[in-house]
Amino acid sequence: MHQENGTMTFCRRSRGSCARMGNYVSLYLTNPKGTPLPLTEPSFDPNLGFPQGRKERVMIATEEEMEAAKLPLEARDYCAHKLIQYRACRSDVWPWAYKCAHEKHEYLNCEYDDYILRLKEYEREKRLLQRKLRIEKKQAQELQA
């Protein structure tokens with residue numbers, strides 16, 4: 001057993017295969033109906049449970065700015081504007097890239113905050129899915145009784 005990228009991994013050295021513990025186990029083994037599928041859109045209303053609604057996330061960097069900065073597709077997320085600023089700073093002060101530590105810190109904090117927000121959205125979807133299953137099970141029991 002060793003830890004890799006924040007997830008526990010159990011390996012069998014004889015076969016060389018590893019099994020990640022976490023979403024894969026719950027998705028395919030322990031709770032397949034109560035676990036949301038990865039890389040899918042949320043199935044519940046985003047404003048469910050928020051009487052005044054939620055603030056919608058908007059991209060600050062435009063598509064043209066990201067193309068002009070030659071950002072790879074995997075970097076075109078909600079923190080792209082911070083990455084553009086960081087790359088511009090690095091190119092301005094090049095041999096002394098350490099002078100851009102503030103911009104780098106802002107970009108990495110933005111990426112971390114985005115990760116936490118996506119994690120919370122996944123957990124919200126998971127809890128709402130489990131709630132829906134509990135309600136359906138309870139209604140089925142009441143119909144049988």
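**Exercise 1. Is Cys110 buried or exposed, and what does Cys110 bond to?**

Step 1. Cys110 has a relative accessible area of 17%, so Cys110 is buried. Buried means under 20% relative accessible area, exposed over 50%, and partly exposed in between, with a 1.4 Å probe and protein chains only. This is a predicted model: local features need pLDDT of at least 70, side-chain atom pairs count only at pLDDT 80 or more, and totals for chains, interfaces and linings use all residues. Residues are numbered from 1 along each chain as its sequence is written, and side-chain values use heavy atoms, with hydrogens and water left out.

Step 2. Cys110 is joined to Cys79 by a disulfide, S to S 2.1 Å. The cut-off for a disulfide is a pair of cysteine sulfur atoms within 2.5 Å. The link of Cys79 and Cys110 is left-handed, with -90° about the S-S bond.

Step 3. Cys79 sits in the loop between helix H2 (63-68) and helix H3 (80-92), and Cys110 in helix H4 (residues 101-144), so the bond ties together parts that are 31 residues apart in sequence. Helices are DSSP runs (H or I, at least four residues) and strands are E runs (at least two), numbered from the N terminus. Cys79 is buried, at a relative accessible area of 1%.

**Exercise 2. How many disulfides does the structure hold, and where do Cys89 and Cys100 lie?**

Step 1. The structure holds two disulfides. One of them pairs Cys89 with Cys100, with sulfur atoms 2.0 Å apart.

Step 2. Cys89 lies in helix H3 and Cys100 in the loop between H3 and H4, so this bond ties together parts that are eleven residues apart in sequence. The Cys89 and Cys100 link is left-handed, with -90° about the S-S bond.

Step 3. Check the burial: both Cys89 and Cys100 are buried.

**Exercise 3. Which residues make the largest nonpolar core?**

Step 1. Apply the rule: a nonpolar core is a set of buried Ala, Val, Leu, Ile, Met, Phe, Trp, Tyr and Cys residues joined through side-chain atoms within 4.5 Å.

Step 2. The largest such core has twelve residues: Ala61, Met66, Leu71, Ala75, Cys79, Ala80, Leu83, Tyr86, Cys89, Cys100, Tyr107 and Cys110. H3 supplies the largest share of this core, four residues.

Step 3. Take Leu71. Leaving out residues up to four places away in sequence, Leu71 touches Met66, Arg76, Ala80, Leu83, Ile84 and Arg87. Contact means heavy atoms within 4.5 Å.

**Exercise 4. Which residues are linked with Asp114 in a network of salt bridges?**

Step 1. A salt bridge is a side-chain nitrogen of Lys or Arg within 4 Å of a carboxyl oxygen of Asp or Glu. The structure holds six.

Step 2. Asp114 bridges to Arg57, with the closest N and O atoms 2.9 Å apart. Asp114 lies in helix H4 and Arg57 in the loop between H1 and H2, so the pair ties together parts that are 57 residues apart in sequence.

Step 3. Asp114 also bridges to Arg118, at 3.2 Å between the closest N and O atoms. Both lie in helix H4, four residues apart, about one turn of the helix.

Step 4. Arg57, Asp114 and Arg118 are thus linked in a network of salt bridges. Asp114 counts as buried at 6% relative accessibility. Arg57 is partly exposed at 33%, and Arg118 is partly exposed at 48%.
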